[in-house]
Amino acid sequence: MSLCDDTLLCNFSKCRIKLSGFAWVTACSHVFCNVHGSGELSRSPAVCPACGSALSGKLDIVRKELSPSEGYKAMVLAGLRPDIILDISSRAMAFWSYQVQQEHMYQEYNLSRAEAQVKQMEKMLTQQNQSRELELSAMRGEIVSLKKVMEEYKKKYTDVSERLMERNRQCQKLQGLYDSLKLRNMVVGGGEREIPQHQQHQDFPTGARQATPPRSPPFFHFGPEAESRVFSCLEAEGGKSFQFSSPARNTAWPFTNKH
């Protein structure tokens, strides 16, 4: 409630609505709406819900009409002395000023609580920002280290790729040499088989060309099938395997001693 506002608020902490119609006023200068006043103040003994004061007097709790009629206004203070009228008016004004003061204090209290909450949230936000900055710096450092590792792996990969390409080139060269040597051996072997035997030992004229040395006759390999055929023929002819035997000695020859 502001200072220029002419509407009271219910002093019940969970209500705080603007009062209209009827209100319950206590001797401890508190006012409540019709709902909470009739509910909270109807207990015995009655206790003020705002300050906890005991309300045992007959006039400690009064139900007031906030918008009285004109007849009530004309007769409520009629016949009273001016000093009593002023005393009643001053007390009513004191009640009003107290309500305004209490409302002002309540708003200040809410403001201080809100400021404290804001400061606490700012502190928490600052701590969170600091923690996030630390995490970001750690992640940046990790990213830098991972980039270094990646560069090292790239360099190793490049070196290995170059070595592999060099090995492939060497392998291709060796394969080419092997193919050429294989082809040359095939050509040379085929030529030797095609040349007749009586032409291999012909002498070339002296001075025209140097004679090539005679080649040894090629060794013919029969193979396992030919060997099995040869041994089968020998067994068929003789029926026995061939054995080497030593010559028989002549025991009748005299032993001569050479001097």
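Start by selecting Glu-40, which is partly exposed, with a relative accessible area of 22%. Keep in mind as you go that this model is predicted. Now add Arg-43 to the selection: its side chain meets that of Glu-40 in a salt bridge, with 3.7 Å from N to O. Arg-43 counts as exposed, at 53% relative accessibility.

**The whole chain**

Zoom out and switch to a cartoon view. You should find five helices and five strands. Reading from the N terminus, the order of elements is β-β-α-β-β-β-α-α-α-α. Next, turn on the surface. The accessible surface of the protein is about 22900 Å², and carbon and sulfur atoms hold 58% of it. Of the 259 residues, 12% count as buried. If you like to look at contacts, take those with a separation of 6 or more: residues 24 or more positions apart account for 42% of them.

**Into the nonpolar core**

Which residues touch the most other members of the largest nonpolar core? Select Cys-10, Leu-19, Val-31, Phe-32, Leu-41, Leu-55 and Ile-61, out of the 18 residues that make up this core. Colour strand S1 (22–26) and strand S2 (31–33) as well, since each of these strands supplies at least two residues of the core.

Now centre on Ile-61. Setting aside neighbours within four places in sequence, Ile-61 is in contact with Trp-24, Val-25, Leu-41, Ala-46 and Leu-55. Two of those partners, Leu-41 and Leu-55, you have already selected as core residues.

**The cysteines**

Stay with the core and move to Cys-10, which is buried, with a relative accessible area of 0%. How many disulfides does the structure hold? The count is zero. Show the sulfur atoms and you will see that Cys-10 is in no disulfide, the nearest cysteine sulfur being that of Cys-33, 3.8 Å away. Then pick Cys-15, whose closest cysteine sulfur is in Cys-10; at 3.9 Å the two are too far apart for a bond. Cys-15 is also buried, with a relative accessible area of 18%.

**Along helix H3**

Select helix H3, residues 82–194, and find Gln-99 in it. Is Gln-99 buried or exposed? Gln-99 counts as buried, because its relative accessibility is 4%. Follow its side chain and you will arrive at the backbone oxygen of Ser-29, 2.7 Å away.

Slide along to Asp-87 and Arg-91, whose side chains meet in a salt bridge at 3.2 Å, N to O. Both lie in helix H3, and because they are four residues apart, about one helical turn separates them. Asp-87 counts as partly exposed, at 34% relative accessibility, while Arg-91 counts as exposed, at 60%.

Next, select Asp-83 together with Arg-81. These two form a salt bridge, and their closest N and O atoms are 3.3 Å apart. Asp-83 is partly exposed, with a relative accessible area of 44%, and Arg-81 is exposed, with 51%.

**Last stop**

To round off the tour, show the charged side chains across the protein. Side chains of opposite charge can pair when their charged atoms come close. The count of salt bridges comes to six, including the pair of Arg-43 and Glu-40 where you began.

Note on methods
Residues are numbered from 1 along each chain as its sequence is written. This is a predicted model: local features need pLDDT of at least 70, side-chain atom pairs count only at pLDDT 80 or more; totals for chains, interfaces and linings use all residues. Side-chain values use heavy atoms; hydrogens and water are left out. A nonpolar core is a set of buried Ala, Val, Leu, Ile, Met, Phe, Trp, Tyr and Cys residues joined through side-chain atoms within 4.5 Å. Buried means under 20% relative accessible area, exposed over 50%, partly exposed in between (1.4 Å probe, protein chains only). Contact means heavy atoms within 4.5 Å. Accessible areas come from the Shrake-Rupley method with a 1.4 Å probe; for residues, only the protein chains shown count as cover. A polar contact is a pair of N or O atoms within 3.5 Å; within protein, one must be able to donate a hydrogen and the other to accept it, and residues adjacent in sequence count only if both atoms are side-chain atoms. A salt bridge is a side-chain nitrogen of Lys or Arg within 4 Å of a carboxyl oxygen of Asp or Glu. A disulfide is a pair of cysteine sulfur atoms within 2.5 Å.
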